[in-house]
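Good morning, and thank you for making time for this presentation. I shall begin with the ligand site and then turn to individual residues elsewhere in the chain.

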Amino acid sequence: MTHSDDSGFATRAIHAGFMPDPVTGAVNVPIYASSTFAQDGVGGMRSGYEYARTGNPTRTALEATLAALEGGRFGRAFASGMAATDTALRTLLRPGDHLVIPDDAYGGTFRLIDKVFTHWGITYTPVAVNDPDAVRAAVRENTKAVWIETPTNPLLNIGDIAGIAAITREAGIRLVVDNTFASPYLQQPLALDADVVLHSTTKYIGGHSDVVGGALVTDDEELDAGFAFLQNGAGAVPGPFDAYLTMRGAKTLAVRMDRHCDNAEAVVDLLLGHPAIAQVLYPGLPEHPGHAAAARQMRRFGGMISVRLAGGRDAALDFCSRTKIFTLAESLGGIESLIEHPGAMTHASTAGSALEVPDDLVRLSVGIEDIDDLVADLEQALA
Ligand SMILES: *Cc1c(COP(=O)(O)O)cnc(C)c1O
């Protein structure tokens, strides 16, 4: 590794994980398109690699980068955020166990727990992550983990990571933080005593909407061994090209996030006084109920904004159909601005459940285009 652990975030993002190749001097990790690796005699590994489901050098470089970004000891890369979620859940839980989840969790996370894990004897309780008393009250004798997102998707509620970690420590259970919305540049949950950090690297870490991936980072050797066992044993691994693209994206995370935050702040200013907008949900606003906790644990407040339209569901759908630069699409965290209607799109699976999202809600992923163009686009779409 070329960095020392105390180097700054942007330095680590660029240099952790790969040193210039000793043979060729290449400054970027090669895409090792090899599924198998020659052995020096039976059982004699030449390079530490034998088969690419178990390990591939491009993936190893990404995993070292992911660990460095979160300031953690161990990083594991997966084929998607959901594959990382599935791996974490199967490592932490056994039949009969109970899990606490956000009452506005990402729709795919909720769907996996509600539609798959319940068939394997797992029960769960949805709670408001911004209410530590509710989290504490939801922990039962058979609870093995508390799973939070902060900010949450799509309502941008804030969980106090250190406060919730104090509850899970006392109960002797694990805290998993889905850090996808903040990115490791804005928030580092392991330093706040979380046990596991999860990312959909599809979003800010990859950052260019060109690759799907997931990550788990932990300081706990035993948990990491469980993640590695399932990574190899179940095989939800990223290919070397995906690993390369994710690593390439991660190098610019710091500069991209600062621009995402600058642009989001300007968009919030536009939306706040706008007659078409009933409510702006953004943790950077002093009136946001999670503002104090967000200010303690986040460097800045991120590039995601949700709004509730004064005109209800029809106005929300209309807004989504009228933007020209903000592309109507699922996903988030890429360089391009996106707009979506969570109730009908990303969070449709929550309909009729305790996690159902309001139908007048629109979610914006503010990209890094010229801010004047973004503001003009939103102004014409809301006119
Ligand atoms: C997108 C997302 C996921 C799932 O990740 P994929 O890469 O799409 O599988 C999990 N959590 C959050 C908060 C997300 O936004």
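The residues around the ligand in this predicted model are Ser-80, Gly-81, Met-82, Tyr-106, Asn-153, Asp-178, Thr-180, Ser-200, Thr-202, Lys-203, Gly-213 and Leu-332. By character, this shell divides into seven polar, three nonpolar and two charged residues.

Which polar atoms of the protein lie close enough to an oxygen atom of the ligand to form a polar contact, for which the limit is 3.5 Å? I can name three residues here. A polar atom in the side chain of Thr-202 is 2.7 Å from a ligand oxygen. Gly-81 contributes through its backbone, where a polar atom lies 2.9 Å from an oxygen atom of the ligand. For Asn-153, the distance between a side-chain N or O atom and a ligand oxygen is 3.4 Å. As for coverage, the ligand on its own has 380 Å² of accessible area, and the protein covers 92% of that.

Where does the ligand sit? Its place is the second largest pocket.

I now move to Thr-152, the sequence neighbour of a residue just discussed. Thr-152 belongs to the loop that runs between strand 4, residues 143-149, and helix 6, residues 161-171. Is Thr-152 buried or exposed? Its relative accessible area is 0%, and the threshold for buried is under 20%, so Thr-152 counts as buried. The side chain of Thr-152 makes a polar contact of 2.6 Å with the side chain of Asp-104.

Next, Ser-365. This residue lies in strand 12, which spans residues 361-365. Ser-365 is classed as buried because its relative accessibility is 1%. What does the side chain of Ser-365 reach? Its partner is the backbone nitrogen of Gly-333, at 3.0 Å.

Finally, I come to Lys-251. This residue is found in the loop between helix 9, residues 240-250, and helix 10, residues 253-272. Why does Lys-251 count as partly exposed? The relative accessibility of Lys-251 is 22%, and the partly exposed class lies between the limits of 20% and 50%, so the residue falls within that class. For a sense of its position, the C-alpha atoms of Lys-251 and Ala-128 are 34 Å apart in space, while the two residues are separated by 123 residues in sequence.

To close, I would return to the ligand: it sits in the second largest pocket, with 92% of its own accessible area covered by the protein. Thank you for your attention.

Conventions
Residues are numbered from 1 along each chain as its sequence is written. This is a predicted model: local features need pLDDT of at least 70, side-chain atom pairs count only at pLDDT 80 or more; totals for chains, interfaces and linings use all residues. Side-chain values use heavy atoms; hydrogens and water are left out. A residue is near a molecule or strand if one of its heavy atoms lies within 4 Å of it. A polar contact is a pair of N or O atoms within 3.5 Å; within protein, one must be able to donate a hydrogen and the other to accept it, and residues adjacent in sequence count only if both atoms are side-chain atoms. Accessible areas come from the Shrake-Rupley method with a 1.4 Å probe; for residues, only the protein chains shown count as cover. On a 1 Å grid over the protein atoms alone, a cavity is a set of points where a 1.4 Å probe fits but cannot get out, and a pocket is an open set with protein on both sides within 12 Å along at least five of seven lines; lining residues have an atom within 4 Å of a point. A molecule sits in a cavity or pocket if more than half of its atoms lie within 2 Å of its grid points. Ala, Val, Leu, Ile, Met, Phe, Trp, Tyr, Cys and Pro count as nonpolar, Asp, Glu, Lys and Arg as charged, and the others, Gly among them, as polar. Helices (H or I, at least four residues) and strands (E, at least two) are DSSP runs, numbered from the N terminus. Buried means under 20% relative accessible area, exposed over 50%, partly exposed in between (1.4 Å probe, protein chains only).
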